[in-house]
Amino acid sequence: MDLAHEQYEALEKSILAANPAADAERIRAAFEYADHHHGSQLRKSGEPYIIHPIAVAEIVNELELDQDSIIAALLHDCIEDTDSTHDDIARLFSPQIADLVEGVTKLTRMQYTSREDEQMENLRKMFMAMAKDVRVILIKLCDRLHNMRTLQYQSDKKQKEKALETMEVYAPIAHRLGMQKLKWELEDLALEYLDPVGYHDVKEELANITTIHAGFVENMQTHIEQRLSEEGVNCRVYGRLKHIYSIYRKMYTQSKTLNEIFDLYAFRVIVEDIPACYNVLGCVHDMFKPVLGRFKDYIGTPKPNGYQSLHTTVVGREGIPFEVQIRTWQMHQTAEYGVAAHWKYKEGMANQKLGTEREFEWVRKLLESQQDADPDEFVRTLRVDMFSDEVFVFTPNGDVKSLPAGATPIDFAYSIHSAVGNSMTGARVNGRIVTFETPLKNGDIVEIVTSKSARGPSRDWMKICKSNEARNKIRQWFKKERREENIATGRSMFESELKHLGLTLGAITASADLLDTLLKRVRFGSLDELYAAIGYGGLSAQKAAGRMREEMTRLGRLERQRAEHEAIQAAVSSGETVYPSSAKGTAPAPRHSVNGIIVEGLDNCMVKFSKCCTPVPGDPVVGFITKGYGVSIHRKDCPNADPARRKPEEAGRWVKVAWAQTGESTFRTSLEISAKDRDGLALDVAMALSAQKAKLNTLAARSQPDGYAIINLELFVQDQRELTGVINKLSQIPGVFLVRRAGG
Ligand code: MN
């Protein structure tokens, strides 16, 4: 039998030992398929290629992942390195297995170059986002582990690259998934190539020290075991030297000598349940002198990746300090194998309390989902999109950009610089020319083709792009670069909107006075200004035309009322009884107004505007007859006027009121602005108000502890429409996310 078959037989044996119910025939079929496809390919070591997938499957089996994962491990390089396809594997094995293999292939194709820390974090996120199924990550980690174990056959350059990648991407991911054992081995292997001198120094020094401490681990182990069994505690004690990288890091980052490092040795006491953990802790502190400030209770407060244990450092009789970790079997499984522990230890995760740090949220969900779920259900929950609202892509230099899900090359271009977006003439994704609408996928390498003679962005881009950043930058461009064009586009958009409303441009430009009034209503000095604003997208044509029609309707109504009033005057002087047409059922009959308010059934009464909701003309209002202070006017949507909250005994004191059509005086009202705090915010608010010609009474800005600011304003306006204009203007100030009226 050749080497490959020999190794396969050993693998099958250990698979069946771990899981007697495994389908040996199916697994063998995967081996034979991979063996056939890799054919005569050789590894750098000179061994047949198939040795590698078998070894990866072995590691996957050690993690006791499910059978699909083992089969996928055997097939994991087939799509990448042979003529086998996803469809072939789906047909011969299963679509699920084909997906796993394809997932691993995608991660294999990703290129990592060393980057800034912030970039690395994006890389790790992208790695996990691409995987979709956590088993893909686990298989890829096993693949990397075997490649690291056999790295000596690669070129110097390749060794350094792979080692760096392992240290910066793979080991942190293993850590995040709570897989300590795998992480330690990856780190030690990577260190050996990244800093061979440092690695061998630490290794040698450790060897020296352990010679001096000869027998320390064994003695201490027996010692602790004896004492605990005297106490009647059922437990296992393991002692070990800590892994090289953790000691290396402490020596170099804290510039300590080996003798100064407290926890060269770590002992683990594994017990049945949580009360036993604390019991053992008591015994250990009784046997040895605890080092002050080194006790940590990760059972009460687990680490974000789900890790639980009691940690303490004590000093043994020989004066050698060592760490003791105390945990239950179940905690031990989670500590060693992390999410993979699911397949090893399927019950009793219910009592885990896990960290809530956002970064680890999905791991927490993952671990939570392990409790009481049947395996199929669990696998399904592993497919949850971890970063579904983001997509991670590469620049040609290998920098990672995070964009909103569904982002296009346009978003990418503007995320680099507006100049790149504005001069974009084409885009390549993974080397192929694509259209601007193409949604980017995780791991894509995106390249923007620019030209000095580019015509600039097209208006359609604003609809295509997904990020506000791109949209704003495009809008800016139109505002600045294309005034003539904006005016022409704006005019035609505005005219077609008017037509919609049954108006013509001629109707609104009938007289200079009328046009002036209408333009004031939309706050523009000239029609060109209005067109330009519509053209670059600063104002919607619909809004502008709508407001003008409202204004014309209002002017028409005023005109009718004036005519009616004259008619009434004439009738009164001639002794006739007339009812004005505007006196509809709900509206009070016109009487004398006080402060611009007409109160039903009360003439010339005292009227004041409530402070809680500061109504202005145009707001639906209601009045309340106070004891001795006249009628207080509330907005109908003011909580204090809510019919549901009115006291029954005061029902008779609520009266109908209406605004008189005076249009003369101004009204005091209050606004509250919520915004991201920044320099110049209050100034921008004041400027916006003066641009709106709103009279400001008071302005009070308060910074909030969380980086936000609240600004309270008191201002005078003529009516609700003017107030709405002010609110719109304020809402456009950068950083402002909410403008609301007081009360209501
Ligand atoms: Mn591989």
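In the predicted model, helix 2 and helix 4 lie roughly parallel to each other, because their packing angle of about 15° falls within the class of angles under 35 degrees. Helix 2 spans residues 24-38 and helix 4 spans residues 67-75, and the axes of the two helices are 8 Å apart. The crossing of this pair is right-handed. On the side of helix 2, the contact is formed by Arg26, Ile27, Ala30, Phe31, Tyr33 and Ala34. Helix 4 contributes Gln67, Asp68, Ile70, Ile71, Leu74 and Leu75. Sorted by class, the residues at this contact comprise nine nonpolar, one polar and two charged.

A manganese ion is also present in the model, and four residues coordinate this ion. The donors are the NE2 atoms of His52 and His76 together with OD atoms of Asp77 and Asp143, at 2.2 to 2.4 Å. Along the sequence, the donor residues follow the spacing H-x23-H-D-x65-D. Two of these donors, histidine 52 and aspartate 77, are 25 residues apart and link distant parts of the chain. Histidine 52 belongs to helix 3 (residues 51-62), whereas aspartate 77 is located in the loop between helix 4 and helix 5 (78-81).

Further along the chain, an open sheet is built from three strands in the order 10-9-11, and the pairing is antiparallel. Strand 10 (432-434) and strand 11 (446-450) form the edges, each pairing on one side only. Neighbouring strands in this sheet are turned against each other by 40° on average, direction ignored.

Strand 9, which covers residues 424-429, is joined to strand 10 by three bridges. Within this antiparallel pair, valine 429 has arginine 432 of strand 10 as its bridge partner, and alanine 427 stands opposite valine 434. The hairpin of strand 9 and strand 10 has two residues between the strands. In this hairpin, asparagine 430 adopts a positive phi near 50°.

Strand 9 also pairs with strand 11, again in the antiparallel sense, over five bridges. In this second pairing, glycine 426 has valine 449 of strand 11 as its bridge partner.

Notes
Residues numbered from 1 in each chain as written. Predicted model: local features only at pLDDT ≥ 70, side-chain atom pairs only at ≥ 80, totals over all residues. Heavy atoms only, no water. Pairing = 2+ DSSP bridges. Helix = DSSP H or I, 4+ residues; strand = E, 2+ residues; numbered from the N terminus. Axes fitted to C-alpha atoms, helices over the stretch in contact; angles between N-to-C directions. Parallel < 35°, antiparallel > 145°, perpendicular 65-115°, else oblique. Left-handed = near helix turned anticlockwise from the far one by under 90°. Contact = heavy atoms within 4.5 Å. Nonpolar A, V, L, I, M, F, W, Y, C, P; charged D, E, K, R; others polar. Donors = N, O, S within 2.8 Å, 3.2 Å for Na, K, Ca; no water.
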